[in-house]
Amino acid sequence: MLQLEDVRVSFGPTTALDGVTLELGAAERLAVLGPSGSGKSTLLRAIAGLEPLAAGRVAWAGQDLTNVPVHQRGFGLMFQDYALFPHRDVAGNVAFGLETHAMPVARRKVRVDEVLALVGLRGYGARRIDQLSGGEQQRVALARALAPTPRLLMLDEPLGALDRGLRTRLLDELAGLFAQLGLPIIYVTHDQEEALALGERVAVLNSGRLEAVLPARELWLKPPNEFVARFLGMNNVLPLATNNERLATPWGALELGTAPADSAKVLIRPDALTLSAQGPLSGVVAAVTFRGESTTILVRPNGAADGPLLEAHLKTADSTPPVVGQTVTLSVDPSGVVFLS
Amino acid sequence: MVSRRPLTTVALAALPLAFIGLFFVWPVASILVRGLAPGGALDLSVPLQVLTRPETLEVAWFTFWQAVVSTLLTLALGLPGAYVLARFDFPGRRLLNAVALVPFVLPTVVVGAAFLALIGPKGALGVRLDHTIWAILAAHVFYNCAVVLRLVGGVWAQLDPRTEEAARVLGASRWRAFREVTWPLLRPAVLSAASIVFLFTFTSFGVILILGGYGYSTIELAVYRAAAVLLDLPAAATLALLQLAFLAVLLVVYARLQGNAAVGQRLTAARVTARRPRSRQEWTFVGATIALLALVLGLPLAALVERALAGANGYGLDNFSALFGESARGALFVPPIDAIRNSLAFAAAATAICLPLGLLAAAVIAYHRGRLATGFDALLMLPLGTSAVIVGFGFLVSLGQLPIDLRTSPLLIPIAHALVALPFVIRATVPLLRSIDHRLREAAAVLGASPARTWRMVDLPMVGRALLVGGSFAFAVSLGEFGATLFIVRPDAPTMPIAIYRLLSQPGALAFGQAMAMATVLMAVTAIAALAFDRLRTTSVGST
């Protein structure tokens, strides 16, 4: 439904979005993941019509939106920190979008109650905004965006300001709600867990450029390039010297499959490494961090006190973790060796 | 840290209260008595007779409508200006922000002189508009624009622009989003600014005296003319009462409006809300607004400096060196340079009186909350809401009854100036005292500082700053004070504003040149003091 073609946005000399091309299906949920300053919010603002495009176009069902002003686009946007109207109560906030669409008062009231019930705030209509907790404000912002039944819902870091416990709970709630709504959704976040949980596809932004747009599972299992791999927390990236099938690493030689022609690097997924007697890799444990379900160990090559660190995530149930200074040998699950472009 | 025991509070509050009582409450009460009970018993025949004179009604009506029109014009220029300064980022924005403050801190006599330099008989434009309503309105807009720019612009800059954007995304047009979201949030600030501008223009004195000629008079000016020119004290007292009654009504209306308009809003602090203009339309709007502001605020000041430098033999410093000679045609009994010396001496004395009183009062207000402290605060603000002319007139009618006749004392002018400056000094220093974060004291204590050391390391730097800010404020107010001084000044010891006024009322190029030169000096001194103060106030130390 939504098409972005080579969208460019610049603020004076700096380029915030640099040639973003993207398409969104009729009821598709897309998560946009990226570090702060990567242009995530700008992307949503450009789609909403709040930032003028320096080049490219935004279209809906084939219709170019360039000359359609913000208020006639019919998109919903939930702002980071919510931007609720402080001079209106909860019902007044939710009703705003209905008033601008000239919905009669009686139907407006019904719709406000309906949407408040949907986000779990039944009976909150007369509350003042400054009496609400962070989580409640987040729900009001969501209800306000949903009330006029937008044809596209965009959310900018909706859980960013909340504490961890609340986030986890709301994450599950949002996933359920999104499935129920059946509208196209763009969800912006810097948190990979949120992106993977809520996006059917995940787009990764880096300095205004799209690094990848892939189904969530595929992105996680086969990150396409070094930036995505590192942003997802996988740091065992090694250069691929020549296209031979045997890679000499500081921890020992590793048998690879045939590398695709365009690959320049290889990633060894930390969860593909397991302790085993035969190797092929070995080294000295430099650090051990217990993380509950897994234990992270960092391994230096033998005899290199300041050598690189290989990161392995060992499942807690599988083995007793080593101690610092111990020499270990590790085997590699071939499916966890990923060629990067 | 100041103790919260009631006895200490009373001791701290005693001096400021005595000062206000003796030099403000009593003089004003004397005016009341003189106006309403001239023979000792209540007698309304004189007030009624004065109030029903056609010229009184005319003055009251003029005072009212010129204040309304001045306020509307100031808003018409100030609101777009506030919007541009708050929401847009452009080269020279900080400079414009600072310079826009200058007209507001100028003494009214300098404002009058600047407009004479522009549109007076010897004006730079060559068009005579003095003794017209246009000169008065233009001077009022020039003088008060900064109030709107500061008050409204300050709030506007802190309103989260995304609130308006949220309304846009929800289907509101640009205009509707402004009307339904931005305006309700901005309204209290606009009301405050409009009320303050109305108050200032309603009590306008120096500007109208200098630019209006005998054709125009506000109540304030009528009080002065009745008391000092016509020597009709009962009429002056009645007019002063009329003024006080108007001001009381204004305060009540203001309080009501504010009560209705208050919205608990979360301001986005320290968030940069200004951005570069983007479209051609935006650049045009921003450019036009800045140009208009620069023209209205800059032209009179430029004209003043130009006229001061223009001598008989082209540009030079002749007018400034003439300040050291005799005054033209005996406008003053002393060389003009003496007025500068007098002003500096009076300002130093006024600062010395005002600063301790102001700090004592500020300490009471800053460290104590509750009804008594609020009442104390309101009482000390009263001189601000009344007017300088009434203060001067009150001195004249009451201080002769003291055992020592203060009316001939050289301290009289510094006392009057201290009284006028006191509300400003308190308002400027209370936030500084309140801004000392008690956690800083706790942190110092935990780090091993004794209470005395804590006071020296944490409180003293702040108090020092408050002293500096309050002192520069008192000094600047004293340098520019005109209305009260005019009543009580001795002819042989004029201050700068008085000297400028007297020189301006003389014909001849020498008097005009001397007036321009002295007004330029006064402008430079007050502008520098104000800009320094602005920097001190905005670069904060510690936090709350």
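Visitor: How many residues of chain A are in contact with residues of chain B?
Guide: Keep in mind that this is a predicted model. On the other side of the contact, chain B puts in 21 residues. The number for chain A is 29 residues.

Visitor: What area is buried between chain A and chain B?
Guide: People often describe the size of an interface by the accessible area lost when the parts come together. Here carbon and sulfur atoms give 60% of that area. The total buried between chain A and chain B is about 2200 Å².

Visitor: Which residue of chain B meets the side chain of Arg45(A) in a salt bridge?
Guide: The count between the two chains is 3 salt bridges. In the one with Arg45(A), N and O sit 2.5 Å apart, and because a salt bridge calls for such a pair within 4 Å, that distance fits. The partner of Arg45(A) is Glu165(B).

Visitor: Which element gives the largest share of the side of chain A that touches chain B?
Guide: Across this interface there are 6 residue pairs in polar contact. On chain A, the elements that give two or more residues to the touching side are helix H1 (40–48), strand S6 (75–78), helix H2 (90–100) and helix H4 (134–146). The largest share is 4 residues, and it comes from H2(A).

Visitor: And how many residues on that side of chain A are nonpolar?
Guide: Let's split them by type. The side of chain A that touches chain B has 8 polar and 7 charged residues. The nonpolar ones number 14.

Visitor: Is Asn236(A) buried or exposed?
Guide: Asn236(A) is in the loop between helix H8 (226–231) and strand S11 (237–239) of chain A. Its relative accessible area is 3%. Since the cut-off is under 20%, Asn236(A) counts as buried.

Visitor: Which residue has its backbone oxygen 2.7 Å from a polar atom of the Asn236(A) side chain?
Guide: Setting aside neighbours within four places in sequence, Asn236(A) is in contact with several residues, among them Val266(A), Ile268(A), Leu309(A) and Glu311(A). The backbone oxygen at 2.7 Å belongs to one of these, Glu311(A).

Visitor: How far apart in space are Ala203(A) and Ala253(A), C-alpha to C-alpha?
Guide: Ala203(A) lies in strand S9 (residues 201–206) and is buried, at 0% relative accessibility. Not counting residues up to four places away in sequence, Ala203(A) touches residues including Leu30(A), Val32(A), Leu210(A) and Val213(A). Ala253(A) is 50 residues away from Ala203(A) in sequence, and in space the two are separated by 34 Å.

Methods:
Residues are numbered from 1 along each chain as its sequence is written. Chains are lettered from A and ligands numbered from 1 in the order in which they are written. This is a predicted model: local features need pLDDT of at least 70, side-chain atom pairs count only at pLDDT 80 or more; totals for chains, interfaces and linings use all residues. Side-chain values use heavy atoms; hydrogens and water are left out. Contact means heavy atoms within 4.5 Å. Buried area is the accessible area (1.4 Å probe) that two parts lose on being put together, summed over both. A polar contact is a pair of N or O atoms within 3.5 Å; within protein, one must be able to donate a hydrogen and the other to accept it, and residues adjacent in sequence count only if both atoms are side-chain atoms. Ala, Val, Leu, Ile, Met, Phe, Trp, Tyr, Cys and Pro count as nonpolar, Asp, Glu, Lys and Arg as charged, and the others, Gly among them, as polar. Buried means under 20% relative accessible area, exposed over 50%, partly exposed in between (1.4 Å probe, protein chains only).
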